[in-house]
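Q: Could we go through a structure together, feature by feature, with the general idea set out before each case?

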Amino acid sequence: MILEYFKMALASIRGSKFRSMLTMLGIIIGVSSVMIIVGLGEGVRGQVAQQVSEVSESLIVIRPGKQAPSRPFSLDNLRSNDSRTGSLSEQDWRDTEKVEGVQSVVPIGIVSGVASYDDVDYDSGTIIATTSPLPDLLEQPVEFGAFFTPEESRRQVAVIGRAVADDLFQEAAPVGKSLFVRGQRYIVVGVFAQQKQGTFAVLNVNNSIMLPYEAARELGGTIQLSQVYVEAEASRDVSSVAGNITERLIDNHAGQEDFTVLEREEALEATNETFYQLAVFTAGVAFISFIVGGIGIMNIMFATVSERTREIGIRKAIGATSQQILGQFIMESVVLSILGAMIGVAIALLSSVLIRVTTDLQPIITPRVIVLVSVIAIATGVTSGILPAAKAARKDPIESLRSQN
Amino acid sequence: MPLIEIKELSKVYGFGDATTIALDEISLSINRGEFIAIMGPSGSGKTTLMNILGLLDRPTHGEYKLSNQHVERKTKIAQAMIRRDNIGFIFQSFNLLPRLTIIENVALPLAYKGVYQKRRLKAAEVVLDQVGLSDKEYYYPNQLSGGQLQRVAIARALINDPSIIIADEPTGNLDSVSARVVMELLKEVHELGNTVLMVTHNPSLTRYADRIIYMHDGNIVYDESTAVGEVPKRVQKAVEALRTSTDDDKLADVSAMMEEMPEQLSIKPVPKKSKSKSKSKTKVKSTRKKGKKK
């Protein structure tokens with residue numbers, strides 16, 4: 001009998017294609033958006049995990065501002081990262097070098113100013129003042145030329161990211177050309193290799209212009225320390241070194257812990273926490289579209305039931321029981337939602353391919369997500385079909401036969 | 001043993017002053033193989049009787065035995081199943097599903113019985129052949145004429161080999177030629193041994209029946225067996241006799257009442273009414289003149 005209901009449902013959906021399409025729209029949007037968002041979240045998590053394994057285990061990151069490793073989601077937290085710069089000073093960096101068990105320290109200082117080449121400004125990059133161990137610490141190779149050495153720390157040289165080379169110089173290896181920052185001329189001595197996807201979580205190298213710290217200081221203006229990278233000695237326990245650094249810096253800050261010392265995984269997770277929470281939040285919003293989709297189905301099904309009053313009367317007169325009418329109409333909304341879910345899955349898969357091709361993001365749509373979202377979609381269809389179907393089943397055959405519809 | 005037996009069957013609609021007695025303690029028994037025509041003016045209760053016999057409606061009081069089984073108090077599901085297996089309906093407006101093909105329409109009662117599609121369509125082929133429409137199987141209802149549609153409906157009514165076929169004004173929407181074809185077909189169906197119950201307004205159609213029931217105000221006035229092919233004189237007389245109580249007659253009664261007791265009704269007596277009539281006539285004339293001027 002269920003097969004019969006299915007055939008009847010297909011026949012009536014075929015009978016009003018445009019309307020059925022509209023009915024499914026809510027489910028289609030719900031399924032595809034939930035799947036894409038969950039897929040993006042999964043993708044970012046995968047990228048983070050990969051990145052964690054790539055970054056040296058002995059890396060410690062010091063950031064300004066107190067940052068709890070995991071915080072409940074709120075709009076305030078989204079803002080706070082930007083407003084908490086400035087609590088790290090050059091003194092902190094120098095003192096960290098003296099902490100026991102620290103092998104090397106690399107500051108990441110944001111230099112205010114805009115780089116230009118050939119009178120063209122490069123707005124989308126960051127000028128960073130740093131020191132020579134940076135490529136080793138981040139395991140970020142230099143493709144052309146070389147990173148500046150400790151001896152060059154006062155020389156006016158620069159190492160640029162891949163994107164800067166492409167966008168500002170518009171060539172692959174502008175080694176030997178010079179760029180200007182605040183009227184000062186810097187010679188490009190190295191170009192980084194394309195940074196691996198996902199590493200943006202720590203520092204975006206691709207659009208960075210790196211200057212030796214000492215040389216950058218001579219520019220005048222301020223250098224804001226946005227991060228300090230520390231490499232612990234290989235033989236040392238990273239956690240105890242991090243603890244030592246914390247103690248030392250608390251002394252520097254007059255007893256106040258207005259900075260954060262993060263070990264490898266913490267650093268990466270804290271960076272991605274906000275994104276992940278945002279994804280969960282958006283997925284929640286997308287689930288609302290399921291509810292809207294369900295209401296859409298219910299609405300159209302109610303309209304269908306009153307429009308097909310006469311049909312219901314005929315079917316009852318020739319021997320359909322109320323249960324059979326109920327089954328037939330529930331099946332219709334089930335078929336609608338299954339079709340909607342299928343189209344939604346197809347759209348999601350297609351857009352995830354598009355996202356992979358056009359952006360750095362790598363959404364992962366697992367079979368588990370497909371099954372889960374489809375089940376939710378179909379459950380939505382059944383639930384929203386019940387009331388209209390019950391209305392159809394309750395109809396009195398005599399009055400239904402008299403109806404004009 | 002009669003196929004259908006009803007005893008003191010009543011159907012009452014509404015409450016209090018608005019109560020309408022559609023059927024007033026009717027008793028009737030129908031034997032297998034009869035062709036019964038039910039006649040009567042609108043509101044005489046014949047449609048209500050058909051609905052109850054067809055198990056689409058329930059009586060307020062009384063008994064209804066179908067094949068010696070009490071069916072009047074069965075659950076709706078059980079009644080739907082009896083409808084499906086034992087009763088074939090033919091409606092004035094055909095009532096085919098427009099989105100299904102002819103053969104699917106005919107096979108539909110079997111679908112609700114759970115018969116597989118192949119067997120279902122085969123059975124439908126057979127009955128469609130019986131009604132002479134085997135070449136129209138995959139047409140849709142809107143591609144067929146009224147007479148053909150009614151033959152499809154007859155095929156649908158026959159597919160379950162029902163105990164009784166209930167036809168509600170089967171020729172009401174048809175021209176006289178199609179009506180004749182349909183009636184001849186119903187006659188054949190009857191001759192094959194089916195029991196047919198037909199409601200009609202048209203006295204000439206009673207010639208196909210072998211028993212005529214005349215209803216009035218929820219009662220059976222005449223119940224008479226006749227030879228097939230004959231319109232009984234009593235029916236003709238009855239039709240004529242009962243026709244005299246038309247709406248005009250009722251109005252005449254009312255005016256007679258008003259003459260008798262004008263005060264109680266507080267409506268002014270007849271003479272003034274006639275004056276107003278003449279006034280209205282002159283008004284009509286004047287409007288006509290205006291129309292001409294325009």
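Q: Is A:Ile29 buried, partly exposed or exposed, and what is its relative accessible area?
A: This is a predicted model. The class partly exposed lies between under 20% and over 50% relative accessible area, and A:Ile29, with 45%, is therefore partly exposed. A:Ile29 has its place in helix H2(A), residues 17–54.

Q: Which residues form a nonpolar patch on the surface with A:Ile29?
A: A:Phe18, A:Leu22 and A:Leu25 form the patch together with A:Ile29, and the accessible area of these residues together is about 410 Å².

Q: Which residues have the most contacts inside the largest nonpolar core?
A: In soluble globular proteins, nonpolar side chains tend to be buried together. Here the largest nonpolar core has 78 residues, and those with the most contacts inside it are A:Val31, B:Ile4, B:Ile6, B:Ile38, B:Leu49, B:Tyr64 and B:Leu197. The largest share of this core, 11 residues, is supplied by helix H11(A), residues 322–358. Leaving aside neighbours within four places in sequence, B:Leu197 is in contact with residues including B:Ile30, B:Ile38, B:Met50 and B:Ile165.

Q: How many residues of helix H10(A) are buried?
A: Of the 9 residues of H10(A), residues 309–317, 9 are buried, so this helix is largely enclosed by the rest of the structure. Among them are A:Arg310, A:Glu311, A:Arg315 and A:Lys316. Just after H10(A), A:Gly319 adopts a positive phi of about 115 degrees.

Q: Do strands E9(B) and E10(B) run parallel or antiparallel?
A: E9(B), residues 211–216, and E10(B), residues 219–225, run antiparallel and are joined by 6 bridges, with B:Ile212 standing opposite B:Glu224 of E10(B). The two strands form a hairpin with 2 residues between them, and B:Asp217 in the turn has a positive phi of about 50 degrees.

Key:
Residues numbered from 1 in each chain as written. Chains lettered and ligands numbered in written order. Predicted model: local features only at pLDDT ≥ 70, side-chain atom pairs only at ≥ 80, totals over all residues. Heavy atoms only, no water. Buried < 20%, exposed > 50% of the residue type's maximum accessible area, 1.4 Å probe, protein only. Helix = DSSP H or I, 4+ residues; strand = E, 2+ residues; numbered from the N terminus. Pairing = 2+ DSSP bridges. Core = buried A, V, L, I, M, F, W, Y, C linked by side-chain atoms within 4.5 Å. Contact = heavy atoms within 4.5 Å. Patch = residues over 30% accessible without salt bridge, like charges linked within 9 Å, V, L, I, M, F, W, Y side chains within 5 Å. Areas by Shrake-Rupley, 256 points an atom, 1.4 Å probe, with all protein chains shown as cover. Salt bridge = Lys/Arg side-chain N within 4 Å of Asp/Glu carboxyl O.
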